[in-house]
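Please consider the model shown below. The explanation that follows leads through chain B, from its overall layout to its contact with chain A.

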Amino acid sequence: MKAPLPPFLRAVAAVARATAVEGLQRPVVVLIALAGFELSVLQPVLQLHSFGEPGRLARDSAMAFMLVFGLVAAAFCSGEGFSRELRDGTAAASLAGPVSRTSFVIGKFLGVLSVVAVFCWCLSWAALFAARTAENFVDDEAFAGLVRDAVCGTVSIALPPLALAIGAVADWRRRRLGLWFFSSLSAMCPAAAALLGFFSRAGVFAGFAAWNPGLDWRLALPLALVFALLAAVCAWTTAFSTRLQTGASLALVSAMLGLGFFAGAAAGSPPLLRAFFAVLPDTGAFWQADALRSGGVVSAHAAAGAVFYALLHIVAALCFATASFKNKDL
Amino acid sequence: MDNTSVQPCAPASAPVLEATDLHKTFRDFWGRPRAEAVRGVSLRAEKGEVLGILGPNGSGKSTTIKMILGLTRPTGGSVRIFGLPSSAKGARARIGYLPELSQLHPFLTPRETLFYAAGLFNMEKAAARERVGQLLEKVGISSADADRKVGEFSKGMARRVGLARALLNDPDFVVLDEPTSGLDPVGRREVKDLVRGLGAEGRTVLMSSHLLAEVQDVCSRVAVLVRGLVRAEGSLPGLLEMRSGPVRFDAEGLPEEKTGAACDALRALGAASVAASRPTRQLEDFFLELLRRSGEA
């Protein structure tokens, strides 16, 4: 028999679930994901140079789209899911029950994190598709030159509209556009990757025996690190949302991330400046796009270090959020 | 409902609500006093009592309610619910709260809203499913509406969902902040009947309202707040009884032709002026009867 969860965890799970459902149902979040996905998979079609290496521009751009759009989605979900709740009184209705403020904060963070996880899952596939679609130098008897994977490009561009159509049907029946859009896109991406395995990059059906999805799996770790950075962003936006509005939280987190890119260069600077950069997230630790240059890979050791670093930030941000929210008048 | 972890350990004879000398001063960013919202409010409610808080805007009604619920920290004074501090989970597990304006999560359906609340109250899934179904029916939300987003609802419909949410944990103490706000006359009557029913079931209700007639209809006791102070408190008959002025007689079954004789008899007993008239109905009763006859309610 399954043991019941302790009340604290039940409350955390309830808050997280409601926040996640509400976040995924928000039309703005659907739009952000749609824009991020389409821009990522359209990039190889529109690019005019290879950035020194076939596929590099496409994968770097896709990672950048995931970071920027993910940042907006995280700040929006935290802001709307937390500061709006405080402003409108829905948080008061929840906290009038036997729910601790700590469990409420943690639940909110996990809810927003779930939305960002779904978002990153979809955009990670977009990055993998973009890298496959991107120009590939072909040199054989029939053709010599740069080509794009037309089948992969077409399929990946068609996925979000298809998911949107499924969402629209669900919305007509049960007002469930966002949930169905994200769940169908999440499921269709790996299915499309499996289907593309039967086609060569030249768009020719290669047969069942020669199945190979042709995706650049080296991208998986750098994409996971972007997600780790976004998880830390979720924690900080949750913390700031206990006191600030959505726009202010977004501006503050963006400034933190922007300045965080310079954290690595602060080694020889005065102690005060070093201390300032020490508390900011070192964004560069999570941005490993350059490590993939010329067939390189991100080492598991570096990735584990960055994930641990993200976890420290999450714990620090949640402690800050709990302390800030503990005595707030609702 | 699984309340094993939040069993209260208070004396059985303790009043349901005991707020003593509550003060609240709001401060600005620099910690300077900005507004003194509540200046020494004391309230007490016993089991089965329907206590109304009346007062104009800015009188401190909502702040008092939030302090009672532990949502706002009092600057001074104390609150005990079922003999426990208001922050105790054992006390809060027995409270149902309907906030002012029933702000709900706009992208959740009523069913999801209630399941969310059930999770917060640590209810078992099967019990929650049964209770959610009962409450949706009780507040008049159809099964088709139960799967629509709350953001699409009218103010009155959202209020019904808020009420269902407030009653989800089968509370012993129900706090209603402007419960009929946004409701049409039919809905208002239903809420008033519901509040009366809660009192009759032995639950304690604390209700704030701007609408005097509404409070008069349902409350057994009233506290009037003005500028953060309780200016009057007591049972309604005690507060409303006029010690001087005319005396009213209700005579049921008196034939029309004998009304004059009755008036003469009163004059003979020394009454300076005597008037006889037929009682009138409340406009609300008239309106509801009209709707009933038209098949609208």
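**Layout of chain B**

The centres of domain 1 and domain 2 of chain B, taken over C-alpha atoms, are separated by 37 Å. This distance, like every value here, comes from a predicted model. The domain assignment gives domain 1 of chain B two segments, 4-94 and 171-240, while domain 2 covers 256-293. Along its principal axes, the C-alpha trace of chain B spans about 70 × 50 × 40 Å. The chain contains 10 helices and 10 strands, and 40% of its 297 residues are buried. Of the contacts in chain B between residues at least 6 apart in sequence, 69% join residues at least 24 apart.

The sheet of four strands offers a starting point for the details. This sheet of chain B is open, its pairing is antiparallel, and its strands follow the order β2-β1-β4-β5. Strands β2 (33-45) and β5 (84-85) of chain B stand at the edges with a single partner strand each, so one side of each lacks a neighbour in the sheet. Between β1 (residues 17-27) and β2 of chain B, the antiparallel pairing extends over nine bridges. Within this part of the sheet, B:L22 has B:V41 in β2(B) as its bridge partner. Helix α1 (residues 61-68) of chain B lies across β1, β2 and β4 (76-81) of the chain, and runs at about 115 degrees to β1(B).

A further element to consider is helix α5 (residues 155-166) of chain B. From its first C-alpha to its last, this helix of 12 residues reaches 16 Å, close to the 16 Å expected at 1.5 Å a residue. Helix α5(B) is mostly covered, with 10 of its 12 residues buried. Among these buried residues are B:M157, B:R159, B:R160, B:V161, B:L163 and B:R165. Their cover includes β6 (95-98), α3 (110-120), α4 (125-138), β7 (173-177) and α6 (185-200) of chain B, together with α4 (90-95) of chain A.

The account now turns to the contact between the chains. Chain B contributes 31 residues to this contact and chain A contributes 27 residues. On the side of chain B that touches chain A, α2 (89-92), β6 and α3 of chain B each supply at least two residues. The largest share of that side, four residues, comes from α3(B). By class, the side of chain B that touches chain A comprises 14 nonpolar, six polar and 11 charged residues. Helix α3(B) thus appears in two settings: it is part of what covers the buried residues of α5(B), and it supplies residues to the side that touches chain A.

Conventions: Residues numbered from 1 in each chain as written. Chains lettered and ligands numbered in written order. Predicted model: local features only at pLDDT ≥ 70, side-chain atom pairs only at ≥ 80, totals over all residues. Pairing = 2+ DSSP bridges. Contact = placed C-beta atoms within 7 Å. Axes fitted to C-alpha atoms, helices over the stretch in contact; angles between N-to-C directions. Domains from an automatic or database assignment. Expected span 1.5 Å × (residues − 1). Buried ≥ 20, exposed ≤ 12 C-beta atoms within 10 Å, placed from the backbone. Nonpolar A, V, L, I, M, F, W, Y, C, P; charged D, E, K, R; others polar.
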